[in-house]
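Me: I'm new to this one. Could you walk me through how to read it, one feature at a time?

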Amino acid sequence: MTNTLDDRTAGGGLIRLDVDVEGMTCASCASRIQRKLTRLDGVDSANVNFATHKATVMHDPSVGLDDVRSTVQSLGYDVSSPEEAADPQDWERHLWHRFVVAAVLSAPLVLISMVMALQFDGWEWVALALATPVVFWSGWDFHSATLTNLRHGSTTMDTLVSMGTVAAWTWSTVVLVADLPGGHVYYEGAGVIITLILLGKWFEARAKRRSGDALRAMAELGAKTARLRDGTEVPLEGLEVGMQFVVRPGEKVATDGAVVEGHSAVDASMVTGEPVPVEVGVGDEVVGATLNTSGSLVVEATAVGSQTMLAQVTKLVEDAQGSHAEVQRLADRVAGFFVPVVIAISGLSLIGWLVTDHSAQDAFTAAVAVLIIACPCALGLATPMGIMVGTGRGAQLGVIIKGGEVLEDTRSVDAIVLDKTGTVTEGRMAVAGEPVAVPGADPLDALALAAALEARSEHPIAAAIAAASNPAGEVEGFESHAGRGVTGSVRTPVGVVSAAVGRRDLFDSVPGELEAAMVQMEAGGATAVLVGTETADGSLDALAAIEVSDTVKETSAEAIAAFHDQGLEVTLLTGDNRRAAETVGQEVGVDRVIAEVLPADKADEVRALQEAGHRVAMVGDGINDAPALAQADLGIAVGTGTDVAREASDLTVVTGDLRAVADAIALSRRTLSIIKGNLFWAFAYNVAAIPLAAFGVLNPMIAAAAMGLSSVFVVTNSLRLRRFRGYRPPRSK
Amino acid sequence: MTMTITHTYEVPDISCGHCVAAIEGEVGPLAGVESVSVDLDDKLVTVLGGDDVAIRAAIDEAGYDIAG
């Protein structure tokens, strides 16, 4: 439920009004409306966003929706309140209704027009009755869009549809009413064109709605309530800065804050993309929506509502999407020059017939015939059909393509930026190689000892160690030292051993060679964990150092080679330290490494590449990647990541396999070239018939053949996409 | 006999047909204005006749800033 007029802010008695503004064509339109609204009596502030077509007005009670509306209308635009604004589902339903009516009426219309045996006396009048609602009710959107576009002097696919169908309808009606000798009616052409194009639009609307809303996903990430110290649960909106709340193990942190009591490991991977939970204690900062894994915490809120990190990231995504230029639709671009050419030919044939001493009727027949034949009914199918088959094939390969604009972007990208953690790497911890042990100690025994103790712990590093070896024996005594490690007794075949696994400060002595090994491990970006045993005098001595790190996916290097084949320059982008990033970068063969980038700055790095003249694809998985995904010309989310990353992206690759990203790009490019072929042939058959129409020989058979052939071509050409195979054989389930 | 003065203003924000219509709509009806032409490419507003102060106010009223 949207609160339009009731969303009162504290103090001042200001009311917030959100409306959608229609008809804006440039950024100046938005600033102009904003200026006018701000000057309105009783309005405190106004903000108009061109990209989202939304206006937010803060006003006092003397101003109402009607005042805002009349101000906007006086400037030549219109507003609709959120309740009236087209929601994607309504738009889809709207198209469906218009399509069903068009289809139901067009079916008999085509039959009586094309099948001689079904024609009866006066069938043309029935055709008129069937075609009229299709052309003027079902096709109304095309006509109104055409009028709007003409005011700005532009022509689109709508112009072509509107012009062709209205010409066909008008001409047929003139022929019928005036009973012109030798005249033919073209009602079925108009009906079929509108029906097919509505079907195409409905396909598109349905695909778009499914892509969903990044901000909704973002909002759903956080906790809904917070538990205060006295045990009462309050909704998140009731939480204020300075209030203290409790976060129990397994719960999400309600909002950004500082720990005032307790000790725990917080899994912030969804925000930072880092696989290692962060140890937090009194005084440490925690981020809202992150997961508290082990201990109980009391947190004092430091930011709420729009000030939280999650909200700030949301804002970044919104801004990036807003600045993302809308790619003009392919068919519209073609129509942009096709329509004026057709109108010119039509005009020329009119003049040509008149100056060669023919009757006005012959001249008009030829001119109108050009308009009728030029409207290709396959045009409406060319793009959606290609997208449908392409996205269908993509789904089988684990690639989700959101809409047609994406395809064009894949063609032009020349640089690809890869997030490191979880994209190029596994995104989870694993023990790397054999531990480094002091002389006399067996590294594998040390690992087995560590595995026994760590099997008791929940920590992801512990899980990695536990998974790396069989335990050395039963654990008898066990103690967890928050943030430092674990100690316990292990019953091994050679007797009970008091052992410890953890950080440096858990041990009483660490030999120099282990210190050196740890420094080397940490320099490479890994985490070093020590294993030790208790000596007879009770001192805890380290025996071995275990390297735990995020491992590079097996398929990453191969995928990066594929990107190079596709002509892409590959950049690795990460928040990790330079050494670790360089190591991974070298291993997989990227062209460039950008390291130590704060989550919020990732979008800036993408923008910098764009400003350097690149068309950038970004691959990522975490919330921290979302703004960069939205900023990029082509955002590709890998499916192992968060919903938000998926929502902010254009393409989603369901598997975590980076080779699927190369497939996604290849498939998209292939789909685009198929669509271009479709568009070419959709027009070509009709273009071929234009001269015939201009010279007065528009035989209905030729018109029908042109329409039929172009539609058949578009369908069969699109089906070729089903045979697409990527860089690897399709996965069998 | 009064002389008709041509005023030229540079308005950088003009970027679409809407903008052109808005400025023509505000400046056109002013007293003494014989014609208004808005050049979308060069972002210039050329007004034949009228009073400079009134024209500047009208362009501002339309929602645009004059450069310089």
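**Reading the sheet**

Reply: Sure, let's start with a sheet in chain A: six strands form an open sheet in the order S6-S5-S7-S13-S8-S11, with antiparallel pairing. Keep in mind that this is a predicted model.

Me: Which strands stand at the edges of that sheet?

Reply: The general idea is that strands of a sheet pair through backbone hydrogen bonds, either parallel or antiparallel. Here strand S6 (233-235) and strand S11 (285-286) of chain A each have a single partner strand, so one side of each is left without a neighbour in the sheet.

Me: How many bridges join S8 to S11 in chain A?

Reply: Two bridges join strand S8 (residues 257-262) of chain A to S11(A), and the two run antiparallel. Look for Gly257(A), which stands opposite Val286(A) in S11(A).

**Where the chains meet**

Me: What area do chain A and chain B bury between them?

Reply: The size of an interface is often given as the accessible area lost when the parts come together. For chain A and chain B that is about 1000 Å², 40% of it on carbon and sulfur atoms. Twelve residues from chain A and 15 residues from chain B take part in the contact.

Me: And how many salt bridges are there between chain A and chain B?

Reply: Side chains of opposite charge can pair when their charged atoms come close. Between chain A and chain B the count is five salt bridges. By class, the side of chain A that touches chain B has three nonpolar, five polar and four charged residues.

Me: Which residues should I click on to see the salt-bridge network?

Reply: Try Arg35(A), Lys36(A), Arg39(A), Asp60(B), Glu61(B) and Asp65(B), which are linked in a network of salt bridges. Glu61(B) pairs with Arg39(A), their closest N and O atoms being 3.4 Å apart. For Asp60(B) and Arg35(A), the closest N and O atoms are 2.7 Å apart. Asp60(B) lies in helix H2 (residues 52-62) of chain B and Arg35(A) in helix H1 (residues 27-39) of chain A, so this pair joins two chains.

**Pairs within chain A**

Me: What does the salt bridge between Glu476(A) and Arg491(A) tie together?

Reply: The closest N and O atoms of Glu476(A) and Arg491(A) are 2.7 Å apart. Glu476(A) sits in strand S18 (residues 474-481) and Arg491(A) in strand S19 (residues 485-492) of chain A, so the pair ties together parts that are 15 residues apart in sequence. Glu476(A) is partly exposed, at 42% relative accessible area, and Arg491(A) is partly exposed at 47%.

Definitions and conventions: Residues numbered from 1 in each chain as written. Chains lettered and ligands numbered in written order. Predicted model: local features only at pLDDT ≥ 70, side-chain atom pairs only at ≥ 80, totals over all residues. Heavy atoms only, no water. Pairing = 2+ DSSP bridges. Helix = DSSP H or I, 4+ residues; strand = E, 2+ residues; numbered from the N terminus. Contact = heavy atoms within 4.5 Å. Buried area = accessible area lost by both parts, 1.4 Å probe. Salt bridge = Lys/Arg side-chain N within 4 Å of Asp/Glu carboxyl O. Nonpolar A, V, L, I, M, F, W, Y, C, P; charged D, E, K, R; others polar. Buried < 20%, exposed > 50% of the residue type's maximum accessible area, 1.4 Å probe, protein only.
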